[in-house]
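Open your viewer, keep the selection tool handy, and let us walk through this model together. Each stop tells you what to select and what you will find there.

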Amino acid sequence: MANLASEFVGIKSPNPFWLASAPPTDKEYNVRRAFEAGWGGVVWKTLGQEGPPIVNVNGPRYGAVWGADRRLLGLNNIELITDRPLEVNLREIKAVKRDYPDRAVVVSLMVPCEEEAWKAILPVVEETGADGIELNFGCPHGMAERGMGSAVGQVPEYIEMVTRWCKQNTRMPVIVKLTPNVTNIVYPAEAAKRGGADAVSLINTINSITSVDLDAMSPEPMIDGKGTHGGYCGPAVKPIALNMVAEIARNPKTAGLPISGIGGVTTWRDAAEFMALGAGNVQVCTAAMTYGFRIVQEMIAGLSAWMDEKGYTSVDEVVGRAVPNVTDWQFLNLNYITKAEIDQEACIKCGRCFAACEDTSHQAIVMKEGRVFEVDDSECVACNLCVNVCPVEGCITMRRLDAGEVDLRTGEKVPAEPGDWTTHPNNPQTACAAE
Ligand SMILES: Cc1cc2nc3c(=O)[nH]c(=O)nc-3n(C[C@H](O)[C@H](O)[C@H](O)COP(=O)(O)O)c2cc1C
Ligand code: SF4
Ligand code: SF4
């Protein structure tokens, strides 16, 4: 059986599945139950500085987006960092780490952007025996307005400065958690690296308004007739998170910087995708909040079975495997030519592919008598819209044309050699270079 044991910035855990800093990790009761269910590690719900505890709203704090089957696709929240006293959290962290020495216990922190505030909290966290800290430069609501969270994560100089303070004042590994609410994720990641971060983790939540109550004319969740933007997470954000992880993994200035992948991880496959794009482990929040702690058992079993099937013996063999295949558009092979093909036996004659192609693509699907749908290769541009709208999985596939075969749309033979935009005759820059 594949070995799922993971070592991330020197922190060992029996598997690469950690719970992200959020309600699932807000207290000892939860974390103990999470570890009993099989989670490899946790990032404790973000602690703030000593003083009067944080105050949360007393009305609804979540908004949601559902699929047609009411499955939760996206979750939005306006919750702040932990609202429990610092000393209670510290006592509980110590007790949990003592009882689960083989699990990763990382503590998320958010204090004001002043060196003294960081110097004050680091030793008390270190004293708990925690394995590391995660700097919360990501929460986009409530705390950001107070100059913390994403307000720090959006300014690379601040990221670098605070990371350096932490590295200078603790022996614990420092993971910097990034906000996706930026134009280019590589700049904050580079800043974290310059500051000496051992790793980055991403993504935190995305600024969002999930819905509007059209009677009250207020964003939801609504608190006494008013709403505010929240942080979006869950399966809907996975594509954004995957791209950001890949951008950091392939950026020469941050290549090799360990990444903890977060954002919509719900199944073992999601985790494997994050790891293939460079994440050393993954963190999970919404899936645990939706399905409970035992979902990790499916993740462990699935990842292990897949790794066995593929012949991977350790998690490290998966990490970063897909990174060399992430490229820029200009390097894609324009001589890779495919055509849609419909499996008539599987087709249920719904006509969705026809409507999509006829109205919004290239009029390449013909409806014949008896609602038989066929692809006209002389019109098909291989966009694969029909594949994506067809309700029967695998019913429409894309067939690659062989080298030398004639593409009926262009009348030209498929070249044997690859060719991309950088050398294409229609590229004005290629023409200039030739002159
Ligand atoms: C209710 C809620 C509270 C959260 N609180 C924190 C927090 O205190 N600190 C933090 O770093 N991230 C916090 N997050 C963000 C998660 O740790 C995670 O980055 C995000 O939800 C994306 O992962 P997911 O798609 O698996 O939920 C919170 C998320 C939710 C839903
Ligand atoms: S791949 Fe695109 S162009 Fe070809 S049949 Fe499907 S929708 Fe039409
Ligand atoms: S969308 Fe799929 S099932 Fe529906 S008609 Fe087209 S090929 Fe058949």
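Is Val9 buried, partly exposed or exposed, going by its C-beta neighbours inside 10 Å? Val9 has 19 of them, so it counts as partly exposed. The scale behind that word runs as follows: a residue is buried with 20 or more other C-beta atoms within 10 Å of its own, exposed with 12 or fewer, and partly exposed in between, with the C-beta atoms placed from the backbone.

Before moving on, some housekeeping. This is a predicted model, in which local features need pLDDT of at least 70 and side-chain atom pairs count only at pLDDT 80 or more, while totals for chains, interfaces and linings use all residues. Residues are numbered from 1 along each chain as its sequence is written, and chains are lettered from A and ligands numbered from 1 in the order in which they are written.

**The whole protein**

Zoom out. The C-alpha atoms fill a box of roughly 75 × 55 × 50 Å along the principal axes. Color by secondary structure and you should find 13 helices and 22 strands; these are DSSP runs numbered from the N terminus, helices being H or I with at least four residues and strands E with at least two. Of the 435 residues, 44% are buried. Take the contacts between residues at least 6 apart in sequence: 70% of them join residues at least 24 apart. A contact here means that two C-beta atoms, placed from the backbone, lie within 7 Å.

**Unusual backbone**

Go back to Val9, in the loop between β1 (6-8) and β2 (11-13). Its phi is positive, about 40°, although Val9 is not a glycine. Most residues other than glycine have a negative phi, and most peptide bonds are trans.

Next, select the loop between β13 (218-220) and β14 (230-233), which holds Pro221. The peptide bond from Glu220 to Pro221 is cis, with omega near 0°. Asp224 is found in the loop between β13 and β14 too, and has a positive phi of about 50° without being a glycine. Asp224 has 10 other C-beta atoms within 10 Å, so it is exposed.

For another cis peptide bond, pick Leu202 and Ile203, where omega is about 15°. Ile203 is found in the loop between β10 and β11 (206-208).

**Two helix pairs**

Show α1 (residues 28-37) with α2 (residues 86-99): their axes come within 10 Å and cross at roughly 20°. The axes are lines fitted to C-alpha atoms, for helices over the stretch in contact, and angles run from 0 to 180 degrees between N-to-C directions. α1 and α2 are therefore roughly parallel; angles under 35 degrees earn that label, those over 145 are roughly antiparallel, 65 to 115 roughly perpendicular, and the rest oblique. The crossing is right-handed, meaning that the near helix is turned clockwise from the far one by less than a right angle (anticlockwise would be left-handed). Display side chains for Glu28, Val31 and Arg32 of α1, which meet Glu92, Ala95 and Val96 of α2. By class, this contact has three nonpolar, no polar and three charged residues. In this scheme Ala, Val, Leu, Ile, Met, Phe, Trp, Tyr, Cys and Pro are nonpolar, Asp, Glu, Lys and Arg are charged, and the others, Gly among them, are polar.

Now switch to α3 (residues 115-126) and α5 (residues 156-169), whose axes come within 10 Å and cross at roughly 40°. α3 and α5 are therefore oblique to each other, and their crossing is right-handed. Glu115, Trp118, Lys119 and Leu122 of α3 make the contact with Val162, Trp165, Cys166 and Asn169 of α5. Those residues divide into five nonpolar, one polar and two charged.

**Beyond α5**

Follow the chain into the loop between α5 and β9 (174-177), the place of Met172. Met172 has 21 C-beta neighbours inside 10 Å and therefore counts as buried. Leaving out residues up to four places away in sequence, Met172 touches Glu126, Ala130, Gly132 and Ile133.

**Last stops**

Select α7 (residues 238-250), where Ala241, Leu242 and Met244 are among the buried residues. The buried residues of α7 pack against α6 (186-194), β10 (199-202), β15 (259-262), α8 (268-276) and β16 (279-284).

Finish at Pro428, in α13 (residues 428-434). With 7 C-beta neighbours inside 10 Å, Pro428 counts as exposed. Draw a C-alpha to C-alpha distance from Pro428 to Gly59: these residues are 369 apart in sequence and 58 Å apart in space.
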